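Work through the following exercises with the structure open beside you, and try each task before reading the solution beneath it.

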Amino acid sequence: RVFLLNRPSPRAEAALAAVQAVAAEECIVTHVDCDLADFDSVRQAAAQVAAETKESGLDVLANNAGVMALADRATKDGYDIQMQTNHLSHFLLTRELHPALQKAVELRGEARIVNHSSFARNGPPGTKLTAENCKLYLGKNGGDLGGDGASMICGGARWVRYAYTKLANVCFTLAV
């Protein structure tokens, strides 16, 4: 069984068709609507997957989605669009699907969580994860997170926020 969690789009439809084309005949491939910029959408998607894996468990959760260097904009939940899409929603999805992963462990002895990150986790030159930067970039104050500087080389705020999302992926993976 394969679940593809995506926003409804032509790209999602193409991905679904591509996976269905190579999946084993008995494999069920399902699209589940999920917008990582909306915690309610993530919870609904997780609930659907959890319901459909209640008896069988979930063997692998691959958190592989992301946006990069977007404008300083808050989601409806109040977080930076990059931090919520790239990290917070993956954390939420993992938390919500943890019982399904545990069920797979009970039935088959193992389950995996795969979190994708990027070399960008090292940040633009001179970027450090200081208390001041945490307050500026990581809080629930999307839309007021350092501006829209887009210079990758000079540490523009868009890239600093992106780097912190990728660092958050690594920290989360190490903690799991």
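**Exercise 1. Strand pairing**

How many bridges join β3 to strand β4, and do the two run parallel or antiparallel? Then follow the chain from one strand to the other.

Solution. The model you are looking at is a predicted one. Begin with strand β3, residues 60-63, and strand β4, residues 112-115, which are joined by four bridges and run parallel. Next, trace the path between them: the chain leaves β3, passes through α3 and arrives at β4, and this β-α-β crossover is right-handed. Now look at individual partners across the pair, where Val60 has Arg112 of β4 as its bridge partner, while Leu61 stands opposite Ile113 in β4. Finally, compare the two faces of β3: Leu61 and Asn63 make up the covered face, whereas Val60 and Ala62 make up the uncovered one.

**Exercise 2. The overall order of elements**

Determine how many helices and strands the protein has, and write down their order from the N terminus.

Solution. Counting the elements gives five helices and four strands. Read from the N terminus on, they follow the order β-α-β-α-β-α-β-α-α. To complete the overview, add that the protein has 176 residues, of which 36% count as buried.

**Exercise 3. The largest pocket**

Which residues lie nearest the centre of the largest pocket, and which element gives the most to its lining?

Solution. Start with the volume of the largest pocket, which is about 970 Å³. Its lining consists of 33 residues, and those nearest the centre are Leu4, Leu5, Asn6, Ala62 and Asn64. Then sort the lining by element: β1 (2-6), α1 (10-22), α2 (39-52), β3 and α3 each supply at least two residues, and β1 gives the most, with five. Sorting by class instead, you should find 17 nonpolar, 10 polar and six charged residues in the lining.

**Exercise 4. Two single residues**

Decide for Glu96 and for Ala69 where each one is placed, and whether each is buried, partly exposed or exposed.

Solution. Take Glu96 to begin with, which is found in helix α3, residues 81-108. Its relative accessible area is 29%, and because this value lies between the limits of 20% and 50%, Glu96 is called partly exposed. Although Glu96 and Ala47 are 49 residues apart along the chain, their C-alpha atoms are separated by 7.6 Å.

Turn now to Ala69, which is placed in the loop between β3 and α3. With a relative accessible area of 13%, Ala69 falls under 20% and therefore counts as buried. Its backbone deserves a further step: most residues other than glycine have a negative phi. The phi of Ala69, however, is near 55°, a positive value in a residue that is not glycine.

**Exercise 5. An aromatic pair**

What kind of aromatic pair do Trp159 and Tyr162 form?

Solution. The count of aromatic pairs in this model comes to three. One of them is formed by Trp159 and Tyr162, whose ring centres are 6.0 Å apart and whose planes make an angle of 85°. Because an angle over 60 degrees counts as edge-to-face, this pair is edge-to-face. As a last step, place the two in the chain: Trp159 and Tyr162 both belong to helix α5, residues 157-175, and because they are three residues apart there, about one helical turn separates them. Both Trp159 and Tyr162 are buried.

Definitions and conventions. Residues numbered from 1 in each chain as written. Predicted model: local features only at pLDDT ≥ 70, side-chain atom pairs only at ≥ 80, totals over all residues. Heavy atoms only, no water. Buried < 20%, exposed > 50% of the residue type's maximum accessible area, 1.4 Å probe, protein only. Phe/Tyr/Trp six-rings, centres within 6.5 Å; stacked < 30°, edge-to-face > 60°. Pairing = 2+ DSSP bridges. Right-handed = clockwise from strand over helix to strand, strands pointing away. 1 Å grid on protein atoms, 1.4 Å probe; cavity = no way out; pocket = protein on both sides within 12 Å on 5 of 7 lines; lining within 4 Å. Points joined across faces, edges and corners; volume = space filled by probe spheres on them. Nonpolar A, V, L, I, M, F, W, Y, C, P; charged D, E, K, R; others polar.
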